[in-house]
Amino acid sequence: MQRGLTGEYRTTSVANETVRAFVPHPLPPAPPAHITPDRQRLLERALLACGRLDAITALLPDPDLFLYAYVRREAVLSSQIEGTQSSLSDLLLFEIDEVPGAPFDDVVEVSNYVAALEHGLQRLREGFPLSNRLLREVHGRLLARGRGADKQPGEFRRSQNWIGGTRPGNAQYVPPPPHEIEACMAALERFLHAPDAPGALLKAALAHVQFETIHPFLDGNGRVGRLLIALVLHHEGVLRQPLLYLSLYLKQHRAEYYRLLDAVRLTGDWEAWLDFVLEGVEQTAAGAVDTAHRLLALFHDDAARVQALGRAAANALRVFDALRRRPLARIDALAAQIGIAYPTAARAIDALQRLGIVREITGRKRERVFAYSAYLAILNEGAERP
């Protein structure tokens with residue numbers, strides 16, 4: 001269904017140039033997105049995949065372990081879409097005060113993303129409403145340190161931005177003028193809480209496009225827009241644990257993602273966008289289920305190998321369990337966490353090295369860092385440094 005423009009162009013002046021800025025109509029689309037039988041089946045498959053993901057996480061012995069890992073994986077992937085060079089290992093090294101292999105500013109950006117996502121999810125758990133205030137708080141965490149710290153963290157922009165091109169006059173897209181931002185975002189907030197709003201998956205898909213079209217911040221809009229999807233799905237109770245993140249799918253289909261955003265604005269093709277997102281949800285949820293099964297099998301098999309060590313097995317299992325929770329660690333941190341002496345922890349690490357479960361990644365003789373290699377390799381799939 002072709003609707004034409006989903007907003008209006010407003011003439012505005014930026015840096016002595018006259019440009020046309022796009023102001024979107026409020027959601028929901030008018031007329032509503034057409035849910036054909038095929039699209040309904042796609043929606044049902046996506047919801048079924050989410051249900052399977054919810055079921056596997058309910059069976060996990062330690063869901064927080066997967067949440068810890070998935071949040072960080074999402075932070076790496078979402079930041080890579082914006083051009084950072086950081087990997088999951090870089091982030092984990094940074095979190096234990098080690099020098100990462102990627103540029104420092106890149107890793108700070110990824111660390112900020114973790115803080116922003118965790119803050120947003122925690123606020124929702126506390127009963128705080130999914131609101132513009134929450135999005136501003138999340139944005140404040142995202143730009144708290146490093147690049148972007150001078151771009152009005154936590155505030156809607158007060159100047160014109162643009163996407164693509166070297167200046168507003170040759171930009172690919174010019175979002176609404178700053179004086180329109182409050183009204184546009186207030187309308188988006190009303191949509192999120194409207195009693196007749198569509199179900200969670202459709203709501204998240206529509207809200208993401210609207211947020212990206214408004215582009216309400218000077219920096220960090222892409223990352224906050226992707227966070228918004230996770231926040232909507234968590235707020236709507238699609239999953240008990242927030243383990244569904246679309247950044248890998250969007251990274252793999254980046255050109256199509258941007259093409260469809262433009263198509264919504266210019267032709268009103270919400271249906272193609274919804275198909276794209278629903279396919280992404282189905283693939284992403286199925287991928288997360290597969291990853292959970294593979295990690296459980298890995299932990300089971302490796303634990304069995306450790307148990308075969310005989311007298312050394314008890315302490316080695318305790319160290320192994322700590323590495324399941326945090327797959328990069330120094331021996332002193334492991335000893336303190338578990339409550340054993342440093343030499344005992346060192347012997348356990350030696351045993352795990354001989355089994356090929358862990359490897360040392362710094363090449364140093366002192367303050368060495370050990371990684372649970374196979375665990376990291378599974379998490380890193382698709383999130384390797386560009």
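**Entry 1: the sheet**

I started with one residue pair: Arg359 stands opposite Ala371 in strand 5. I'm working from a predicted model, so I keep in mind that none of this comes from an experiment.

Next I looked up the pairing around that spot. Strand 5 covers residues 369-372, and it pairs with strand 4 in the antiparallel sense over 3 bridges. Then I checked the whole sheet. It has 3 strands, it is open, and the order is 3-5-4, with antiparallel pairing. Which strands sit at the edges? They are strand 3 (328-330) and strand 4 (358-360), and each of them pairs on one side only. I also noted the twist: neighbouring strands are turned by 30° against each other on average, direction ignored.

Something lies across this sheet too. Helix 12, residues 313-325, lies across strand 3, strand 4 and strand 5. Against strand 5, helix 12 runs at about 80°.

**Entry 2: two helices that cross**

Two packed helices are described by the angle between their axes and the distance between the axes. I looked up both for helix 2 (residues 63-81) and helix 3 (residues 88-95). Their axes come within 9 Å and cross at roughly 115°. The crossing of helix 2 past helix 3 is right-handed.

Which residues meet there? From helix 2 I wrote down Tyr68, Arg72, Arg73 and Val76, and from helix 3 Leu88, Leu91, Leu92 and Glu95. I sorted the contact by class and got 5 nonpolar, no polar and 3 charged residues.

**Entry 3: the largest pocket**

Rolling a probe the size of a water molecule over the atoms shows where empty space is left. I went to the largest pocket, which holds about 480 Å³ of space. It is lined by 21 residues, and the closest to its centre are Glu82, Ile163, Glu212, His215 and Tyr258.

Helix 8 (221-235) and helix 10 (254-267) each supply at least two lining residues. Helix 10 has the largest share, with 5 residues. How does this lining divide by class? I got 7 nonpolar, 7 polar and 7 charged.

**Entry 4: the second largest pocket**

The second largest pocket has a volume of about 280 Å³. I found 18 residues in its lining, with Arg73, Leu248, Thr284, Gly287 and Ala288 nearest the centre. I had already met Arg73 at the contact of helix 2 with helix 3.

Helix 2, helix 9 (247-252) and helix 11 (270-307) are the elements that give two or more residues to this lining. Which helix gives the most? Helix 11 does, with 7 residues. By class, the lining of the second largest pocket divides into 8 nonpolar, 5 polar and 5 charged residues.

Notes: Residues are numbered from 1 along each chain as its sequence is written. This is a predicted model: local features need pLDDT of at least 70, side-chain atom pairs count only at pLDDT 80 or more; totals for chains, interfaces and linings use all residues. Side-chain values use heavy atoms; hydrogens and water are left out. Two strands pair if DSSP finds at least two bridges between them. Helices (H or I, at least four residues) and strands (E, at least two) are DSSP runs, numbered from the N terminus. Axes are lines fitted to C-alpha atoms, for helices over the stretch in contact, and angles run from 0 to 180 degrees between N-to-C directions. Contact means heavy atoms within 4.5 Å. A crossing is left-handed if the near helix is turned anticlockwise from the far one by less than a right angle, and right-handed if clockwise. Ala, Val, Leu, Ile, Met, Phe, Trp, Tyr, Cys and Pro count as nonpolar, Asp, Glu, Lys and Arg as charged, and the others, Gly among them, as polar. On a 1 Å grid over the protein atoms alone, a cavity is a set of points where a 1.4 Å probe fits but cannot get out, and a pocket is an open set with protein on both sides within 12 Å along at least five of seven lines; lining residues have an atom within 4 Å of a point. Grid points are joined across faces, edges and corners, and a volume is the space filled by probe spheres set on the points.
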